[in-house]
Amino acid sequence: MKVHVDMSICLLHGQCVIAAPQVFSFDDEGGLVWLAEVDDSLRADVEAASDACPEQAIQLGD
Amino acid sequence: MAPRVVIVGASLAGLRTAEALHAALPDAALTLIGDEPHAPYNRPPLSKDVAEQLADADADAHAAALDKLTFRHRLAGDRIDWRLGVAAVGLHTDQREVLLSDGGRVGYDWLVAASGLRPRQLPFAGAEGRRHVLRRFDDAVALGAQLKTGARMLVVGAGFIGCEIAATAAHLGLTVTVIEPQSAPMLAALGPEVAQAMAQFHRARGIDLRCGLNVTGISGDVGLSLSDGTTVEGDLLVEAVGSIPNVDWLTDPALDLSNGVLTDATMTAVGNPRILAVGDLARFPNRLFGPAPRRVEHWCVPGQTARRAAETIAAREAGREPASDFAPMPSFWSDQHGLRLQSFGAPALADEVRVTEGALDRIGQAPCLVEYLRAGRLTGLLGLGLPPAQLARHRPRLDAALSETLPA
């Protein structure tokens, strides 16, 4: 599945990093980085991360 | 036969419940009832950036703001019956029916109460037309029309919503006075040390914050009489004095509705196994913080309790008992004058605070990390202007501390 974060909306709450640490993380400068394409086995985690985003900035696709 | 699930409250909690049920029980017939005309939307920005966008905005800007707030969702197909603009007004528990404000009835096998809260208001008449609350999009539109540079805003209540709208209004050039009955803003959530520091933080940014005062009357357009004998005048009033659970429609005497809806750890209402409650309406036990049930008004709770309720219904439909362990990690955030407050755990339960990075008298100038302890054990974390990556590094320590049973 495809993962996209709209960085014009993201306010770096970091909820996704906690919900799906295999997909979302912070780089050394504190910026958000993520895997654009993830295995379907991580779907539940990625959906939880998308739901947990206070700005609803995470978009998922197949 | 496919179960009929009726969800009352087309909010974040109601939506997430419907999504989780749709995934767990694809055959279930879902009805989502909401008294607002809008599809489920995100509320926290209403006191922050959206309040700013709605200031002096036209109808096009209102529509654009609502569109941006509306949740994208995963509800597809014809098994979801949306009933927007209709309120639930009562129950026939014998027939398992919800009574609606338009005279209709909807039958259920499972009923999920997600009707949330409504703002409390000051118990005085006066200044009608200049009084505002902030819970719904339409509230924010009405308030936004009055957010004009130079206007004098009075805010009663320095909880999160009061502090956020005060900061937003000050940023827009309004003159802001905040009246708070307790000794400091956000006292229960942050504890006295941090709350006092936040009082200084707001005052240093131009907010006239007056603590330890009650409102004793409302007059004119708008005058507030205060408990110290003084009065304060403004052009508009925001009442941010807490919330009341929307339980009036739950006309089942077996339920405990003394503070929201009392549930067990499966989100099942005590007194009626066919009724569940989710979101900030639910008073539920969280294993992380002992057996006492609590109602929690954080944004994360709707999603956590919705998934839980859907698991419970799916298990019972399959003839299984749902798992009894429920231990969701609370978190909250707030944005005030450009400062991000971000918390994990339950600072409100602490009896000791330790500042482990930065200093409380330099909030807003340098990152600050506060650790909250109860009986010497870590129970909550709060970052003030702390980069989220730094806060995330401390999470494993909190998880470990809370996984042990907390002393009562």
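Select chain B first: of its 408 residues, buried ones make up 45%. The model on display is a predicted one.

Keep the whole of chain B in view and orient it along its principal axes. Its C-alpha atoms then fill a box of roughly 65 × 50 × 35 Å. A compact globule of 408 residues would have a radius of gyration near 22 Å, and chain B agrees because its own value is 22 Å.

Next, colour chain B by secondary structure, which shows 9 helices and 26 strands. If contacts in chain B with a separation of 6 or more are displayed, 62% of them are accounted for by residues 24 or more positions apart.

Now restrict the selection to residues 332-389 of chain B. An unreviewed UniProt entry places the feature "domain: Reductase C-terminal" here. Strand makes up 57% of this span and helix 3%. The C-alpha atoms at the two ends of the span lie 16 Å apart.

Move to chain A and select strand 1, residues 2-5. In a regular strand, side chains alternate between the two faces of the sheet. Show the side chains here: A:Val3 and A:Val5 point to one face and are buried. A:Lys2 and A:His4 point to the other face and are not buried.

Finally, add strand 4 of chain A, residues 58-61, to the selection. Strands 1 and 4 of chain A run antiparallel and are joined by 4 bridges. To finish, centre on A:Lys2, which stands opposite A:Gly61 of strand 4 in chain A.

Key: Residues are numbered from 1 along each chain as its sequence is written. Chains are lettered from A and ligands numbered from 1 in the order in which they are written. This is a predicted model: local features need pLDDT of at least 70, side-chain atom pairs count only at pLDDT 80 or more; totals for chains, interfaces and linings use all residues. UniProt positions are given in the numbering used here, feature names are shortened, and annotations may be inferred rather than shown by experiment. The radius of gyration is taken over C-alpha atoms; the globule rule is 2.2 Å times the number of residues to the power 0.38. A residue is buried if 20 or more other C-beta atoms lie within 10 Å of its own, exposed if 12 or fewer, and partly exposed in between; C-beta atoms are placed from the backbone. Two residues are in contact if their C-beta atoms, placed from the backbone, lie within 7 Å. Two strands pair if DSSP finds at least two bridges between them.
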